[in-house]
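This report looks at aromatic ring pairs and at one strand with its neighbours. The sequence and the structure are shown first.

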Amino acid sequence: MEMEPQPIIGHNLSDMQAGIERDGLDPRTLDLGTNLMLYLVYHYLPRPPVSPSATSSPSAALRFHQGVDRISRLPENVLRNIVSRLPVKDAARTAALSSRWRPVWLSAPLTLVDSHLLPDCGAGGPYAMGAPSPRAVTAAVSRVLAAHPGPFHCVHLTRTTMNEHRGEMARWLDVLAAKGVKELIFVNRPWPVDLRLPATLFSCASLTRLYLGVWRLPDTAAVPRRATFPNLLELGLCFTVMEDRDLAFILERSPVLETLVITGSQTGVRLRLVSRSLRCLLLGLTYLEDIDVVDAPRLERLIQWTNFGEHSSSKGMLRPSMVKIGHAPKLRMLGYHEPGDSDIEITKTVTVAGTKEKIVPSVNILAIEVQFGVRSALKKVPGYLRSFPNLQTLHVQSKKAEEPTGKVNLKFLQEGGPIKCVVQMLKKVFFYEFQGSKNEVAFLKFIAERARVLEKMVVVVASECFSSGANVNVKLKPLISANWISQACKLQLFKSPRTHGGPPIFCQQRASDLSFPDPFDLVYYQESL
């Protein structure tokens with residue numbers, strides 16, 4: 001029987017190491033697991049806006065022309081802008097250039113990245129095996145926060161084992177709140193992985209972007225009801241421990257929040273979304289329970305990647321996660337969902353030609369994973385497509401079936417009448433990790449022979465199709481020779497650069513960038529067939 005996953009909470013490092021040794025395992029396994037967690041956390045954090053490798057020394061940057069210091073004659077607001085774009089060490093050094101520069105760094109909005117205070121400026125990487133917390137860096141952060149009057153434009157605090165510096169951690173949050181921090185990236189280097197964040201965090205009313213990594217959210221029952229994040233636009237929660245009520249509290253107190261990212265939650269996520277401002281919801285590496293989009297009038301993107309269904313305690317098996325879509329009139333991008341593993345329930349009806357239908361007419365980009373060798377999964381695809389009558393771009397990730405159920409008669413695609421989006425709206429189809437099965441070919445052929453306005457079909461062939469020695473062109477011949485109803489459509493074939501397939505390629509930064517038109521189309525394939 002499969003064990004129900006448990007968050008690694010309530011345990012200190014020595015207890016975990018002792019338990020691993022009792023089980024006869026190498027205690028270094030714990031370091032591997034911890035550093036894997038840190039790798040994922042750091043991978044999904046926003047990058048600092050400044051880099052020490054991209055700057056020259058302040059003295060070298062100050063150019064003289066015929067003995068005249070022209071840079072120092074620039075208006076003070078321009079000088080402040082220059083200093084605010086420097087790493088904190090270089091920003092402080094500008095005070096030594098001349099009397100004109102001495103007060104500038106104290107009045108400039110500062111960017112503080114604690115890894116830049118390391119001797120190698122963080123070049124050694126953030127997740128060295130068993131690396132201790134550099135106490136000199138922790139002390140330097142305290143000095144900078146005390147010396148600079150603010151405001152702080154951007155602060156990245158990711159290199160301190162917060163459990164060893166609880167006093168400093170609490171003071172940092174007090175100072176940042178008082179000095180108007182705009183962006184805060186705050187990571188606890190475990191252990192413990194469920195260290196409680198101080199409720200002082202809610203006093204940082206100036207925040208516009210907040211990312212938290214490896215924490216337990218504050219107990220919101222003890223937070224003053226007047227506490228809010230009135231300016232918060234983007235919130236990221238990475239490997240956090242949180243109660244449903246705490247997440248709901250933060251959303252309720254963030255009236256202008258536009259982007260919510262939940263990555264690697266240590267506990268199951270049950271999200272009841274009521275937000276008048278949210279535009280983008282990203283969920284990854286997370287055990288999902290129910291995601292209920294109740295009232296989200298501005299929501300445009302709901303994107304999941306490498307997520308897991310909820311574990312059933314009665315059977316020890318995974319049950320499909322449920323995504324309920326209610327009032328989301330601007331939702332235009334949805335994925336990755338897997339028919340048979342993640343279910344979509346549309347709770348609001350739309351009247352079409354006098355008939356009430358449960359559809360989401362706003363969605364025009366959809367991404368799905370399909371196990372083409374599993375009958376129950378494949379037969380849910382038509383229902384998915386019928387739920388989105390105005391779909392224009394379809395991304396399909398072919399997933400290898402662990403227990404194939406054999407060939408499937410695809411006549412069921414024709415049952416229930418024409419699929420409106422396929423016949424009338426579909427313009428682009430991207431099919432990733434094509435494995436050469438007859439079910440895959442039949443599905444693509446079905447679309448090719450019915451999609452009247454189809455402009456492009458991209459098929460990325462899995463590398464295993466080549467390693468097996470099979471003739472890929474033979475496998476694709478039924479598709480190539482099909483009676484394509486759209487004569488203008490271009491079929492493009494590519495070889496996948498991925499050796500062993502795997503889950504969909506995904507880029508969180510592009511998915512959260514609302515100016516990027518289609519974050520599912522990452523063009524990771526290059527070699528054409």
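The text below takes up the aromatic pairs and then the setting of strand 20.

## Aromatic pairs

The structure is a predicted model. Searching it as a whole gives 10 aromatic pairs. A pair of aromatic rings is described by the distance of the centres and the angle of the planes. Two of the pairs are set out here.

| Pair | Centre to centre | Angle between planes | Class |
|---|---|---|---|
| F186 and W215 | 5.1 Å | 25° | stacked |
| W305 and F506 | 4.3 Å | 20° | stacked |

F186 and W215 form a stacked pair that links distant parts of the chain, with the two positions 29 residues apart in numbering. F186 belongs to strand 5 (residues 183-187), while W215 sits in the loop between strand 6 (209-213) and strand 7 (234-238). Are these two residues buried or exposed? F186 has a relative accessibility of 0% and therefore counts as buried. W215 is also buried, with a relative accessible area of 0%.

For W305 and F506, the planes meet at 20°, and because stacking requires planes under 30 degrees apart, the pair is classed as stacked. This pair, too, links distant parts of the chain: W305 lies in strand 12 (residues 301-305), and F506 lies in the loop between strand 24 (490-495) and helix 16 (508-512), 201 residues apart. The relative accessible area of W305 is 5%, so W305 is buried. F506 has a value of 17%, and because the cut-off for buried is under 20%, F506 is buried as well.

Aromatic residues also occur in a group: F372, F431, F434 and F443 make up one aromatic cluster.

## Strand 20 and its neighbours

Strand 20 covers residues 365-370 and is mostly covered, with 6 of its 6 residues buried. In a regular strand the side chains alternate between the two faces of the sheet. Which residues of strand 20 lie on each side? One side carries I365, A367 and E369, the other carries L366, I368 and V370, and all of these are buried, so both faces of the strand are covered.

Strand 20 pairs with two strands named here. With strand 16 (residues 333-337), the pairing is parallel and runs over 3 bridges; within strand 20, L366 stands opposite L334. With strand 21 (residues 393-398), the pairing is again parallel and runs over 6 bridges. There, I368 has V396 of strand 21 as its bridge partner. L366 and I368, which take part in these contacts, belong to one side of strand 20 and are buried.

Methods:
Residues numbered from 1 in each chain as written. Predicted model: local features only at pLDDT ≥ 70, side-chain atom pairs only at ≥ 80, totals over all residues. Heavy atoms only, no water. Phe/Tyr/Trp six-rings, centres within 6.5 Å; stacked < 30°, edge-to-face > 60°. Helix = DSSP H or I, 4+ residues; strand = E, 2+ residues; numbered from the N terminus. Buried < 20%, exposed > 50% of the residue type's maximum accessible area, 1.4 Å probe, protein only. Pairing = 2+ DSSP bridges.
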